[in-house]
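User: Hi! I am new to reading protein structures. Could we go through this one together, step by step?

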Amino acid sequence: MTFTQYTRSLEVLPTELALRQAVSVLARLVRDSVFLDSHILPLLDEPAEDWYVAYREDLPIGSTSLQVFVWPAGTRTMIHDHACWGAFCCVVGTVFEERYQRLDDGSLADHARLKKHWQLPWSLEDGISTVLPGARGIHRVGNPTEVRAVSVHLYGPRLGEIDGRDYDPLCDYVCDRPHDRIRARKQTPETSR
Ligand SMILES: [Fe+2]
């Protein structure tokens, strides 16, 4: 079964319902032997120093996006959010997710005050993590272990020119992240998804 068949009509659903469906789609996809053989196995030995998006498949413009992330040991994203909903499942190794709460009201430009809310490890048996759009889904994903991890992500429809926002809690800073800054395979650091 193809990704397109899995995600048929996902893009037309309201966020909460789409996320529920995305969890179901991901749960089937990460146990699909054809998908695993073709999209995950080849990534296990690819040399890489930083995390990257190894595979991306977008349904027609404005729709759902499937992305496969590779996490070499010791790599992690910036703290960020997404303009759309998202869900991911770690299929190889373990990633850790930190989730943050925003304490300010967003009224000051470029300013955001964050507090860490929780941190959880995610392996295949832990299931699927979901994030809501914007400040309801501020997080960081990384791999502090000593072995590579690979995760499969679904993102909701592209809603505008902004992919999400990047945060720096050390100086209470937040800025928009354009879509073209999403990291493709094996590019340089300092961008995030
Ligand atoms: Fe994210």
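Analyst: Happy to! Keep in mind that this is a predicted model. Let's begin with a loop: Gly-134 sits between β8 (129–131) and β9 (138–143).

User: Is Gly-134 buried, exposed or partly exposed, and how many C-beta neighbours does the label rest on?

Analyst: A residue is buried with 20 or more other C-beta atoms within 10 Å, and exposed with 12 or fewer. Gly-134 falls in between, so the label is partly exposed, and the number of neighbours is 16.

User: How far apart in space are Gly-134 and Asp-163?

Analyst: Along the sequence, 29 residues separate Gly-134 and Asp-163. From C-alpha to C-alpha, their distance in space is 10.0 Å.

User: Which strands are at the edges of the open sheet?

Analyst: The sheet has 5 strands with antiparallel pairing, in the order β1-β2-β10-β5-β8. An edge strand pairs on one side only, and that fits β1 (52–58) and β8.

User: Which residue in β10 stands opposite Gln-67?

Analyst: Strand β2 covers residues 65–71, and β10 covers residues 149–155. These two strands pair in the antiparallel sense over 7 bridges. Opposite Gln-67, the residue in β10 is His-153.

User: What is the phi of Asp-110, and why is its sign worth a look?

Analyst: Most residues other than glycine have a negative phi, so a positive one stands out. Asp-110 lies in the loop between β6 (95–102) and β7 (114–122), and is exposed, with 10 other C-beta atoms within 10 Å. Although Asp-110 is not a glycine, its phi is positive, at about 65°.

Notes:
Residues numbered from 1 in each chain as written. Predicted model: local features only at pLDDT ≥ 70, side-chain atom pairs only at ≥ 80, totals over all residues. Helix = DSSP H or I, 4+ residues; strand = E, 2+ residues; numbered from the N terminus. Pairing = 2+ DSSP bridges.
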